[in-house]
Each structure stands twice: as structure tokens, then as C-alpha cells.
Amino acid sequence: MIDFEYVSKFYEGDREALFEVNFRLAPGEMAFLTGHSGAGKSTLLRLLLGLETASSGAVRVAGTNLADLSGEKLARYRRRVGVVFQDPNLEEDLTVFDNVALPLRISGFSESDIPRRVMAALSRVDLSEQALVSPKLLSGGQQQRVGIARAIVHRPALLIADEPTGNLDPELSARVMRMFTQFQQLGVTILVATHERAVVESLPFRRLVIERGRLISDGLGSKR
Amino acid sequence: MNRWLSDHRWAIADALKRVRERPIQFLVLIGLLSILLAIPGWLAQIWLGMSSLVPEEAVHSEAIVFLSNEIEFEERIELERMLGESPIVEHVIFIPKSKALADLSSSDGLAPLTQLADDNPLPDALQLRFVFSPDSGVSELSLVERIEFDPRVLSLRYYPSTRIQYGSMLEVLAFFGAGFSMLTILGVLMTVFLVSAADVVDDSKRIKLYTLLGASSRYIQRPYLYRATFLGIFAGFQACLAVIGLNALLSEVIINNLEELDSRLGSIPLDTRILLGIVMVSVASSWIGAERAMNQRLKGIH
């Protein structure tokens with residue numbers, strides 16, 4: 001599903017953000033991307049989302065080199081990807097329902113199809129009853145779950161999460177990770193960037209460790 | 001088609017929501033843009049109004065052509081014939097230098113000049129009276145220039161009619177009016193550009209989110225462009241109301257003068273083309289201003 005082929009990324013002044021990162025994530029696989037702040041996790045995710053292009057090497061998703069995409073093609077690629085942020089980034093002037101419906105509206109789903117899909121996504125994160133309230137009235141954990149519902153509502157083949165538990169307490173973090181595990185079991189490829197050791201160690205998934213832009217470790221967790 | 005309708009309906013709803021979120025900004029912008037648009041609209045209205053004013057008793061242009069002293073009789077007759085055949089010359093009258101001297105002598109204090117009759121220093125002259133004939137394709141000025149360079153002619157005095165003077169004034173007014181109008185339209189463009197650019201900066205978080213969710217640039221731009229279109233429509237209509245109001249006010253003030261100038265003119269006619277033009281320019285310049293700003297800023301964000 002995801003192929004990083006000796007990917008390097010240099011910014012102005014030859015500042016090295018990633019150096020010859022090489023890994024492959026199979027369809028339906030879940031992996032953690034870990035490392036300290038500034039190690040290169042965000043750069044890797046930006047490359048994967050097509051927000052930046054690699055200085056050398058190739059980033060391929062489902063066989064497509066992302067460097068070859070631009071404009072409408074790149075937008076179409078992003079519509080097949082679900083993204084969960086540390087800050088759920090919800091629109092406060094929209095209801096929970098409309099926030100979750102955003103990817104569907106952007107992708108051009110018919111208005112008659114949207115309610116069914118939105119309510120299915122909200123029920124997966126146990127927020128069906130909050131559909132018509134403003135996100136302002138929800139707790140931090142609930143807002144994060146709305147963000148997750150928004151990321152999965154269009155049933156993406158690839159889910160990318162950037163510090164999804166960064167603002168949550170351990171109990172809520174565990175709950176969010178359980179949801180990711182369920183999605184993985186449904187066949188979704190998931191890459192979770194996190195620097196929280198407790199989260200990574202609690203689950204038996206593959207760990208990609210990045211340090212100073214280099215992939216220094218790639219292996220399975222202890223539990224299974 | 002369904003997708004297209006759905007996208008546009010969503011964009012219009014989003015644009016209206018933005019208007020509701022910042023009503024004061026929207027109203028102030030409408031006021032500002034309508035003032036900027038009313039200025040060229042009003043100038044155009046004045047210009048068209050003035051163009052339609054044709055005094056009933058407009059004085060005809062005249063020219064006195066002083067003939068060279070060495071000119072032969074036949075040459076003078078040929079010149080008279082050539083001028084008389086011009087479609088814009090009503091008549092040509094020959095004034096011999098003896099008559100000119102007599103006329104001059106009859107003026108106060110110049111009686112002794114008659115003593116110079118044997119050595120008359122004045123040249124013979126032709127008096128031309130022009131006729132207004134816009135369809136002839138010949139202008140008075142071009143004919144006057146041609147005569148001036150004729151070797152049979154010593155010099156020429158041209159007395160343009162009020163119509164010609166008025167026309168020249170209108171040309172100058174149109175030139176400055178067009179320049180000033182361009183500046184104000186540029187002002188509208190710049191205003192909408194700056195406001196839209198500021199909106200993009202304000203909404204950068206939202207725009208980044210939409211980008212990550214797979215929204216195309218067109219999808220992201222659409223609500224902003226619709227808002228700019230609403231702005232253009234409202235500002236255009238308000239500018240039209242301002243022009244109509246100013247026209248009524250001015251008509252009230254100068255109505256008596258107008259009637260004296262031309263009894264057919266009871267008021268300054270309001271040209272609907274101007275009103276239509278104001279609305280079209282308003283919408284187009286607002287849209288272009290917003291589109292340019294969005295394109296530039298989105299490139300930076302993407």
C-alpha cells in the first residue's frame with residue numbers, strides 16, 4: 001500500500017529532514033511511526049499526504065508515485081485517505097453531523113447518501129446522539145472521536161493519524177487506539193505517528209522509529 | 001449535474017454564512033465599493049447627458065482666409081470654387097481689400113486710413129461660413145489645416161462654433177473621465193483583492209483542513225467567489241441608486257438652464273446602459289479581485 005523508496009527530503013540551506021528512508025506498508029497493515037519531536041515524523045506524513053515532494057527517492061501509494069500528482073489528481077488521491085490530527089480541527093460553526101459530512105460533500109457523495117454514512121461513522125465512535133450539537137459543546141475526547149469519524153466516514157483505504165492521542169488522557173487514548181485496531185481489522189491500512197511510548201507499547205503493531213531523519217528501527221512490538 | 005448543483009448550493013450557503021458572520025465588514029465594503037463605482041458611473045452619466053445637449057441656435061463656425069498678395073484672379077476663383085464645393089462650407093464670400101480698408105476706416109478713430117487707399121496694406125480675403133454636417137466625413141479642423149498650408153493663402157483666422165468648442169470640451173472630459181474611471185475600477189479590484197487575501201489568511205486553518213480532505217482549489221475558492229459576487233451585485237445596485245439620486249438632484253438644480261439652452265430638454269436623460277454597466281463592472285471587478293487573491297494565497301498554502 002505504502003512504499004517509501006530511499007526517500008530524502010532537504011529544505012533550504014541543505015537542511016536534512018529525511019535521509020534515505022526506506023520501508024513498505026502492506027494493505028491492511030497498521031504501524032506506528034515514532035521518534036522525538038523534530039525527528040522527521042511530520043515531514044514523512046507531509047510527503048505521504050502530498051503536501052510536499054521528496055528531494056530524492058519515491059513515495060508510492062497503491063503503486064502511484066505521489067510526485068506525479070498535482071492539482072485535481074492530488075485532490076482525488078487525498079479523498080481516498082483519512083486523516084486524524086492531534087487537534088481535531090473541527091469547524092465550530094458547523095454541527096457534528098456537518099463536520100463529519102465534510103469529506104463526503106467534498107468527494108461529491110449524493111445528499112441522500114450522506115446521512116446514512118455520517119450516522120454509521122458516528123455510531124462507530126459512539127457519538128450518534130451528539131450529531132446535531134455544536135463541537136464546542138463536546139469534551140476534548142469527544143471532539144477527537146468526531147475527528148476520527150470524519151476521517152473514516154468515506155471509508156478510506158489508508159488512514160494517517162498524527163499524534164491522535166496527544167491531547168487525551170490514558171483511558172481515552174486506549175479507547176482511540178482500540179478504534180484504530182478495529183479499522184485495521186476491517187482492512188484499512190493505518191499509519192499512526194506518535195511519540196507516546198505507552199501507546200506504542202500497549203499494542204502489538206509494527207514500529208518505525210525515526211531519529212534525525214533516518215529510519216533507525218523497523219520491527220514488531222512485543223505484544224500480539 | 002447533481003454533483004455540480006450540490007457543490008454550488010453548498011458554496012452559496014457557505015458564502016451566505018460568511019456574510020452573516022461579518023455583516024459589518026460586508027456592509028462597509030458595499031458602501032465603499034458603491035462610492036468608488038458611483039464616481040465613474042456619474043461621470044459617464046454627465047458625459048452622455050452633455051453629449052446629448054445640442055443647442056438649437058448653435059452659432060456656425062467661420063473662418064477668414066487672407067489671400068496672398070501675389071495671387072492671380074484665376075487662382076482666387078479656383079480656391080473659391082474648391083472651398084465652395086466642400087460639404088461643410090455653407091458659403092464663401094470674397095472680401096476685396098478695398099472693402100476691408102473701408103470697413104476698417106469706418107471704425108472709430110481709424111478714418112485717416114482711407115488715405116492709404118492707393119497703397120492699401122490689407123490683403124484680399126475670403127469669408128467662410130461652415131455648416132454642421134457630421135455625416136460628411138470631413139471635419140472643420142482638417143479643412144482649416146489644409147487651407148492654412150495652401151500657397152495661395154497668406155494666413156487664416158478660424159472662429160469655431162460653440163458646438164465645436166463644446167465637442168472639444170467633451171473630448172477632454174471623456175479622456176479624463178475614462179482615466180479616472182479606470183483608477184476607481186482598479187480601486188474596487190484592489191479593495192476586494194485585499195479583503196479576500198485577508199480572509200484567506202484568517203481562514204488558513206480551515207483551508208488547510210479542506211485541502212487535506214481532498215478539496216480542489218476550485219472547491220475551496222467557490223464560497224469566496226460567491227461572496228465577492230454578492231458584494232459586486234449589492235455594491236453595483238447601490239452605486240446605481242446613487243447615480244439615479246444624483247441625476248435627480250442635478251436635474252432639479254439646472255432644469256431652468258437646460259430649458260433655456262434647448263426647449264426639448266426637460267431633464268437630464270438617464271441612460272440605462274450606464275446602470276447596467278455599473279452592475280456588470282461591479283460584479284466583474286469584485287469577482288476578479290477575489291479570484292486573483294485566492295489563487296495567489298492558495299498557491300502559498302498548498
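The following exercises, with worked solutions, concern a predicted model with chains A and B.

**Exercise 1. State how many helices and strands chain A has, and what share of its residues counts as buried.**

Solution. Begin with the secondary structure: chain A contains seven helices and 10 strands. Next, turn to burial: chain A has 224 residues, of which 40% count as buried. A residue is assigned to this class if 20 or more other C-beta atoms lie within 10 Å of its own. Finally, consider the contacts in chain A between residues at least 6 apart in sequence: 69% of them join residues at least 24 apart.

**Exercise 2. Determine the strand order of the open sheet in chain A, and identify its edge strands.**

Solution. The sheet comprises six strands, and their order is S6-S7-S8-S3-S9-S10, with mixed pairing. To find the edges, look for strands that pair on one side only; these are strand S6 (81–84) and strand S10 (214–220) of chain A. From one strand to the next, the twist averages 15 degrees.

**Exercise 3. Describe how strands S3 and S9 of chain A are joined, and name the bridge partner of Leu33(A) in S9(A).**

Solution. Locate the two strands: S3 spans residues 30–34 and S9 spans residues 206–211 of chain A. They run parallel and are joined by four bridges. Within S9(A), Leu208(A) is the bridge partner of Leu33(A).

**Exercise 4. Establish which strands helix H6 of chain A lies across, and give its angle to S8(A).**

Solution. Helix H6 covers residues 170–185 of chain A. This helix lies across S3, strand S7 (158–162) and strand S8 (189–193) of chain A. Relative to S8(A), helix H6 runs at about 155 degrees.

**Exercise 5. Set out the pattern of helices and strands in chain B, together with its burial.**

Solution. Count the elements: chain B has nine helices and four strands. Reading along the sequence then gives the pattern α-α-β-α-β-α-β-α-β-α-α-α-α. Of the 302 residues of chain B, 26% count as buried. As for contacts in chain B with a separation of 6 or more, 86% are between residues 24 or more positions apart.

**Exercise 6. Characterise the side of chain A that touches chain B by its elements and residue classes.**

Solution. First, note the extent of the contact: 18 residues of chain A are in contact with 15 residues of chain B. Second, list the elements that give two or more residues to this side of chain A: helix H2 (71–78) and helix H3 (96–107). The largest share, five residues, comes from H3(A). Third, sort the residues by class: six are nonpolar, four polar and eight charged.

Key
Residues numbered from 1 in each chain as written. Chains lettered and ligands numbered in written order. Predicted model: local features only at pLDDT ≥ 70, side-chain atom pairs only at ≥ 80, totals over all residues. Contact = placed C-beta atoms within 7 Å. Nonpolar A, V, L, I, M, F, W, Y, C, P; charged D, E, K, R; others polar. Buried ≥ 20, exposed ≤ 12 C-beta atoms within 10 Å, placed from the backbone. Pairing = 2+ DSSP bridges. Axes fitted to C-alpha atoms, helices over the stretch in contact; angles between N-to-C directions.
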